[in-house]
Amino acid sequence: MNIIDDIRARQSELSRIRRDIHAYPELAFDEHRTGDVVARHLEALGIETHRGIGRTGVVGVIRAGSSTRAIGLRADMDALPITERNTFEHCSRHAGRMHACGHDGHTTMLLGAAEYLAKHRNFDGTVVLIFQPAEEGEGGAPAMLADGLLERFPFEMVFGMHNWPGLPVGSFGVFPGPVMASSDQWEIHLHGRGAHAAMPQQGLDPIVAGAALVQSLQSLITRTRDPLEPAVLSVTQFHAGEAYNAIPDRAYLMGTVRALSHNERDRLEHAIGVVTDGIAAAHGVRAEYTYRRGYPPTINDAAAAAVCAQAAAKVAGATGVLANLRPSMGAEDFAYFAQARPGCYVWIGNGPGEGGCTLHNPNYDFNDEALPIGASYWVRLVETALAPA
């Protein structure tokens with residue numbers, strides 16, 4: 001490992017900051033204390049600091065040299081509505097909230113890099129430090145974009161990083177193309193005609209129609225999808241009826257769709273509607289179909305990924321950069337930044353995902369050993385992307 005000496009010397013302080021943020025988790029668009037911790041730290045370093053971008057986001061700007069080139073580095077700040085089961089000293093002080101995805105570590109790593117960059121400025125251009133709120137399903141990235149992030153702090157490339165349980169500490173996952181999936185929701189309301197359960201011929205049963213629909217929807221993945229186009233369609237809710245002896249007049253189904261390409265996402269949105277109409281017509285019931293788009297797929301730009309691979313190799317060595325990993329079907333709103341500018345989203349090893357130390361688990365905790373590694377990576381990325389001509 002080639003951890004920067006000045007950052008290695010600050011490891012205990014980085015751990016203190018990370019554990020303080022962990023102890024006081026805040027949910028989407030409520031990151032007031034966390035944002036204040038970030039802003040005060042940046043201001044103390046003499047970094048140009050802007051608060052309230054995308055409601056509770058914070059942006060820092062560091063300039064060096066004379067180049068007009070600029071890049072963005074993004075870390076997320078929000079926690080999850082999960083009750084923490086850990087009992088260590090820095091566990092959550094807020095019931096029902098915890099940093100179960102490592103955003104406390106992401107924020108701290110970028111702060112560690114900011115401290116080094118502000119002192120040494122071994123680059124030529126501008127670094128935009130993006131401390132983003134509301135990644136966990138609420139869309140903090142589009143909120144920052146809508147608040148003029150690109151117009152106020154223009155950059156030509158953007159980079160993100162997420163800890164990854166199961167990858168060894170000291171390793172990075174870096175590859176071009178799809179890295180995270182889209183995340184959409186669908187709802188189907190089936191309207192039939194209620195009847196006595198002993199006289200089903202007098203009704204139009206939405207439960208039977210719903211059961212047929214559940215089976216048919218799976219064929220969209222198993223029989224109509226290109227096997228080389230990863231996608232997931234899951235039925236997660238099916239509600240109907242109130243009495244054991246009555247056929248209800250309506251049923252409600254809900255689920256999620258994940259895809260790694262825009263085309264497959266479009267295809268599934270259309271296909272669910274076609275199947276729904278067909279099943280409803282076959283059973284004589286009426287269907288209402290709603291599809292809500294969430295985060296788009298996160299697709300790494302090849303040139304940006306190459307820059308990240310170079311920077312990661314400077315920290316972890318060539319063998320510590322893993323380019324043959326499979327994408328995740330989880331979703332990330334970094335995708336919005338990567339749609340607006342060429343970008344790359346990498347994974348940093350968090351160590352074995354054992355004993356519940358997996359993402360969104362109540363026993364999760366960020367591995368502090370990764371803090372100086374991630375901070376060093378950010379610095380090397382800046383020095384690589386904004387190397388003097």
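In this predicted model, a good place to begin is the side chain of aspartate 368, which makes a polar contact with the side chain of arginine 18 at 2.8 Å. Aspartate 368 sits in the loop between strand 16 (343–349) and helix 11 (371–385), and, leaving aside residues up to four places away in sequence, aspartate 368 touches Gln11, Ser15, Arg18 and Arg19. The relative accessible area of aspartate 368 is 11%, and because this falls under 20%, the residue counts as buried.

From this loop we can turn to a sheet elsewhere in the chain. Four strands form an open sheet in the order 10-12-8-13, and their pairing is antiparallel. Its edges are strand 10 (231–240) and strand 13 (286–292), each of which pairs on one side only. On average, and with direction ignored, neighbouring strands of this sheet are turned by 15 degrees against each other.

One pairing in the sheet can be followed in more detail: strand 8, made of residues 184–191, pairs with strand 13 in the antiparallel sense over 7 bridges. Within this pairing, glutamine 185 has arginine 292 of strand 13 as its bridge partner.

Helices accompany the sheet as well. Helix 7, which covers residues 206–222, packs on the sheet and touches strand 8, strand 10 and strand 12 (250–259), while the direction of helix 7 makes about 175 degrees with that of strand 10. Helix 8, covering residues 262–283, lies across strand 8, strand 10, strand 12 and strand 13, and runs at about 170 degrees to strand 13.

Methods: Residues are numbered from 1 along each chain as its sequence is written. This is a predicted model: local features need pLDDT of at least 70, side-chain atom pairs count only at pLDDT 80 or more; totals for chains, interfaces and linings use all residues. Side-chain values use heavy atoms; hydrogens and water are left out. Two strands pair if DSSP finds at least two bridges between them. Helices (H or I, at least four residues) and strands (E, at least two) are DSSP runs, numbered from the N terminus. Axes are lines fitted to C-alpha atoms, for helices over the stretch in contact, and angles run from 0 to 180 degrees between N-to-C directions. Contact means heavy atoms within 4.5 Å. Buried means under 20% relative accessible area, exposed over 50%, partly exposed in between (1.4 Å probe, protein chains only). A polar contact is a pair of N or O atoms within 3.5 Å; within protein, one must be able to donate a hydrogen and the other to accept it, and residues adjacent in sequence count only if both atoms are side-chain atoms.
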